[in-house]
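Here's a quick walk through one protein chain, for anyone who'd rather have the fold talked over than tabulated. Have a look at the structure first, then read on.

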Amino acid sequence: MTENEADLRALLRELDDPDWLEWPQHYDRAALAARLGELVTRLDGDFATRCEAGTTQDSSEFGRVVVPGGATVCGTRIVVCLSNFGSLAVICAENPGAFLGTEDARAEGELDDADLATTTRALVDLGYVVVPEELMESDYDGPSRLLCHVQRGSWSHRFFGTYFGPSLDTHLR
């Protein structure tokens, strides 16, 4: 299901509970891990490669899946970031923040439309809500208090940010 920007902004506000910064109230890590495994299997098949994946510790980001550049049309790896909140997912070329967003990566010839569509379809089929990187990088204006070291808070800080310090907790492969 493709969401429009207004619906996505409304969803971000709905998920933003200042009492639950790192994960939502009814967090089920085992279920998220199982779905991450399904996504890895799906992307392995869709891109005919072995994707790397892992979970993140001390963060509102659950984990990431990396499609290697050698399996993409443009030769740029695709990084899928998964949040602990509301099945939110962001698709990035190379790394989060490497481009101004997916549109910028596409314009620079670093992200192919078919690869983006394949990744989006896999996420949507598994029940994720794909939020454009551009929207996640917009100014955060919700009720939660973000970390003091964040100069300009963004929705990405809120739903994919680190609260105690980044560390990759588990590598699935």
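Let's begin at E94, which counts as partly exposed, at 33% relative accessibility. E94 sits in the loop between β4 and α3 (102–107), and its phi is near 70°, a positive value in a residue other than glycine. That's worth a glance because most residues other than glycine have a negative phi. A48 is another such residue, with a positive phi near 50°. A48 follows α2, in the loop that leads to β1 (52–59). At 73% relative accessibility, A48 counts as exposed.

Before going further, a word on trust: this is a predicted model. Mean pLDDT for the protein is 86, and 87% of its residues reach 70 or more. Confidence peaks in α4, at 97, and is lowest in strand β6 (residues 162–171), at a mean of 42. Over residues 163–173 the pLDDT is below 50, though in the model this stretch still has 36 contacts beyond near neighbours in sequence. Where pLDDT is low, the predicted coordinates should not be read in detail.

**The overall layout**

The protein has 6 helices and 6 strands. Reading from the N terminus, the order is α-α-β-β-β-β-α-α-β-α-α-β. Of the 173 residues, 45% are buried. Among contacts with a separation of 6 or more, 61% link residues 24 or more positions apart. On the outside, the protein exposes about 8,600 Å², and carbon and sulfur atoms supply 50% of that area.

**Helix α2 and the core**

Which elements give two or more residues to the largest nonpolar core? First, the core itself: it has 25 residues, and those with the most contacts inside it are L39, L43, V65, V80, L82 and L123. The elements in question are α2 (29–47), β2, β3 (78–83), β4 (88–93) and α4 (113–125). The top contributor is α2, with 6 residues. Another core lies apart from this one; it has 19 residues, with L8, L11, L12 and L15 among them.

Back to α2. The helix has 19 residues and spans 27 Å from its first C-alpha to its last, close to the 27 Å expected at 1.5 Å a residue. Its buried residues are L32, R35, L36, L39, V40, L43, D44 and F47. An α-helix has 3.6 residues a turn, so residues three or four places apart point the same way. The buried residues of α2 pack against β1, β2, β3 and α4.

L39 makes a good anchor for the picture. Leaving out neighbours within four places in sequence, L39 is in contact with V65, V80, L82, A122, L123, L126 and Y128. One of those partners, L126, is found in the loop between α4 and β5 (129–130). L126 and L39 are 87 residues apart along the chain, yet their C-alpha atoms are separated by 7.2 Å. Beyond its neighbours within four places, L126 is also in contact with R35 and E38.

**Two buried residues with polar side chains in their names**Is T119 buried or exposed? T119, in helix α4, is buried, with a relative accessible area of 0%. Not counting residues up to four places away in sequence, T119 touches L43, F47, I78, V80 and I91. Two of these, L43 and F47, are on the list of buried residues in α2.

E61 is found in strand β2 (residues 61–67). With a relative accessible area of 4%, E61 counts as buried because the cut-off is under 20%. The side chain of E61 makes a polar contact with the side chain of R64, at 3.0 Å. Away from its sequence neighbours up to four places off, E61 touches T56, C81, L82, S83, N84, F159, F160 and G161.

Here are the four residues discussed for their accessibility, side by side.

| Residue | Relative accessible area | Class |
|---|---|---|
| T119 | 0% | buried |
| E61 | 4% | buried |
| E94 | 33% | partly exposed |
| A48 | 73% | exposed |

To pull it together: α2 gives the most residues to the largest nonpolar core, and L39 from that helix is in contact with V65, V80, L82 and L123, among others. For the end of the chain, keep in mind that the pLDDT is below 50 over residues 163–173.

Notes. Residues numbered from 1 in each chain as written. Predicted model: local features only at pLDDT ≥ 70, side-chain atom pairs only at ≥ 80, totals over all residues. Heavy atoms only, no water. Helix = DSSP H or I, 4+ residues; strand = E, 2+ residues; numbered from the N terminus. Buried < 20%, exposed > 50% of the residue type's maximum accessible area, 1.4 Å probe, protein only. Contact = heavy atoms within 4.5 Å. Areas by Shrake-Rupley, 256 points an atom, 1.4 Å probe, with all protein chains shown as cover. Polar contact = N/O pair within 3.5 Å; in protein donor to acceptor, adjacent residues only side chain to side chain. Core = buried A, V, L, I, M, F, W, Y, C linked by side-chain atoms within 4.5 Å. pLDDT = per-residue confidence, 0-100. Expected span 1.5 Å × (residues − 1).
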